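Student: Please take one part of this model and go through it closely. I would like the pairing, the burial and the surroundings in one connected account.

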Amino acid sequence: MLSLQTDHQISIFDGLKVQDLWAASKQLGFPSALWRLPHTNEINLLISVREGIRKCQPELEKLSPGFIISKFLWEDEQEVLFLEGDIILTFAEGGLLDNVRNNLGEEHSEVKRLVQLTEDLALESVSPSRNELYETPNADSIDPKTRFKRTVELAVAAIRQNQFKKVVLSRTRELSYSDDFQPVKAFQKLAKAYPHAFVSLVNLPEQKEQWLGASPELLTRQNSGGAFTTMSLAGTQSSHDKSGHLIPKYDIRWGEKEIEEHALVSRYIVECFKKIRLREYIETGPRTVLAGNLYHLRTDFEVDTNALNFPELGSVMLKLLHPTSAVCGVPKIPSMKFIAEIESYDRSFYSGFLGPAQIGGNTSLFVNLRTVRFKDGLATLFAGAGITEDSVPEKEWEETELKCETLLQVIAATF
Ligand SMILES: C=C(O[C@@H]1C=C(C(=O)O)C=C[C@H]1O)C(=O)O
């Protein structure tokens, strides 16, 4: 449960639907974010009633309530995008408005404009749209599978030459969508299908992009009770057998490659704690966890920041952790350089981080994985896989296919 700051009184937002509010915010050019935290039913909608998005240092404990989103390429002293939480609405399961935090007041002209447009759009949206995605022809001279497998071969060769131990290589898959495609509907389907994931939709008007995702990976969480949490998530296999049945967790066996790949990420996190001489963490795992159509190996790390009198641990660890070796590699610098040279596109917000900051005293940032960017009629899915010395290119390709399927299985279906 989210801790709520205000009791719900009668408000001008009563009766408004998430999809109409989303459409109105988008039309007005207001940055906005919609999210559902893992293992909760509440849907949160944040609307920044202003043009443009603030940039800030992620000094998490000093922030006002808002939503953070950062690109993969983010270094220590750089700023991240911060969507100011002017209006934060919480909806219970079934879409009923549960809580309103409106910093601007109901008389604010932009708030009134937002509500008016939402009501107008609600009257217009009578015919349910068909949410469909279509394959686009491959414009490249070389097919994506051959290209990706080639990059894996090059990575394995670089590892054998001791350039680095592990690198996470990614690829994109592009689909087109029609004008009436509603990412909010896709968000709602994802939220239902993946209770364990952080499901989010972010509208970035300046970039003219919307990012939808169902991330299984927490980067940092600091809650109002002082608990800091992070996790190592690496090692992947399909959760379903060839006939489409869910394989029970106790039947899952992990190979040496996955165990080593996972251990590299856990070791990386422990090294980050060591850098700040922090020994008082509790490590649990590795365990097998379900993430949609996949199983992963996961180890959790927890620290009581109150006991250590270390309230800024979340900010300190964010800078040390990102990008973890679950999305970049070991060691960080040469693997990052390899990614920049070999991947033929900009990762942008994929494998960056995002999440609500200082809402009810809690900040939860997730790695932006299992994600799709909607821009100019093109839906771009991003998926990566950890490459080690023992990687088999065909298997790594299949892993990225399965990762794309996590979203496609749910959102590509006709409504
Ligand atoms: C890179 C991705 O996922 C990451 C890589 C994993 C792996 O290599 O086994 C598993 C989980 C994530 O940490 C992705 O989903 O794109």
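Tutor: What follows is a close look at strand 2, then at the loop before it and at other parts of the model.

The model is predicted. Strand 2 covers residues 43-47, and 5 of its 5 residues are buried. In a regular strand the side chains alternate between the two faces of the sheet. Here Ile-43, Leu-45 and Ile-47 point one way, while Asn-44 and Leu-46 point the other way. Both sets are buried, the polar Asn-44 included.

Strand 2 is paired with strand 1 and with strand 6. Strand 1, residues 32-36, runs antiparallel to strand 2 and is joined to it by 4 bridges. In this pairing Leu-34 is opposite Leu-45. Strand 6, residues 87-91, is also antiparallel to strand 2, with 5 bridges between them. There, Ile-43 of strand 2 has Phe-91 opposite.

The connection from strand 1 to strand 2 is a hairpin with 6 residues between the strands. In its turn, His-39 has a positive phi of about 60°. Pro-38 also belongs to the loop between these two strands. Pro-38 counts as partly exposed because it has 16 C-beta neighbours inside 10 Å, and a residue needs 20 or more to be buried. Apart from neighbours within four places in sequence, Pro-38 is in contact with His-196, Ala-197 and Phe-198. Glu-61 is 23 residues from Pro-38 along the chain, and their C-alpha atoms are separated by 22 Å.

Another part of the model is an open sheet of 9 strands, in the order 3-5-4-17-18-12-13-15-14, with antiparallel pairing. Strand 3 (54-56) and strand 14 (282-291) stand at the edges; each has a single partner strand, so one side of each has no neighbour in the sheet. From one strand to the next, the twist averages 20°. Within this sheet, strand 4 (residues 66-70) and strand 17 (residues 353-357) run antiparallel and are joined by 5 bridges. Ser-70 stands opposite Phe-353 in that pair. Helix 7, residues 313-321, lies across strand 12, strand 13, strand 15 and strand 18, at about 165° to strand 12.

Strand 13 (227-238) also takes part in the shell around the ligand: strand 13, strand 9 (166-177) and strand 20 (378-387) each supply at least two residues of that shell. Of the 17 residues around the ligand, Thr-236, Ala-326, Leu-369, Gly-384 and Gly-386 come nearest. By class, the shell has 8 nonpolar, 6 polar and 3 charged residues.

Methods:
Residues are numbered from 1 along each chain as its sequence is written. This is a predicted model: local features need pLDDT of at least 70, side-chain atom pairs count only at pLDDT 80 or more; totals for chains, interfaces and linings use all residues. A residue is near a molecule or strand if its C-beta atom, placed from the backbone, lies within 6 Å of it. A residue is buried if 20 or more other C-beta atoms lie within 10 Å of its own, exposed if 12 or fewer, and partly exposed in between; C-beta atoms are placed from the backbone. Two strands pair if DSSP finds at least two bridges between them. Two residues are in contact if their C-beta atoms, placed from the backbone, lie within 7 Å. Axes are lines fitted to C-alpha atoms, for helices over the stretch in contact, and angles run from 0 to 180 degrees between N-to-C directions.
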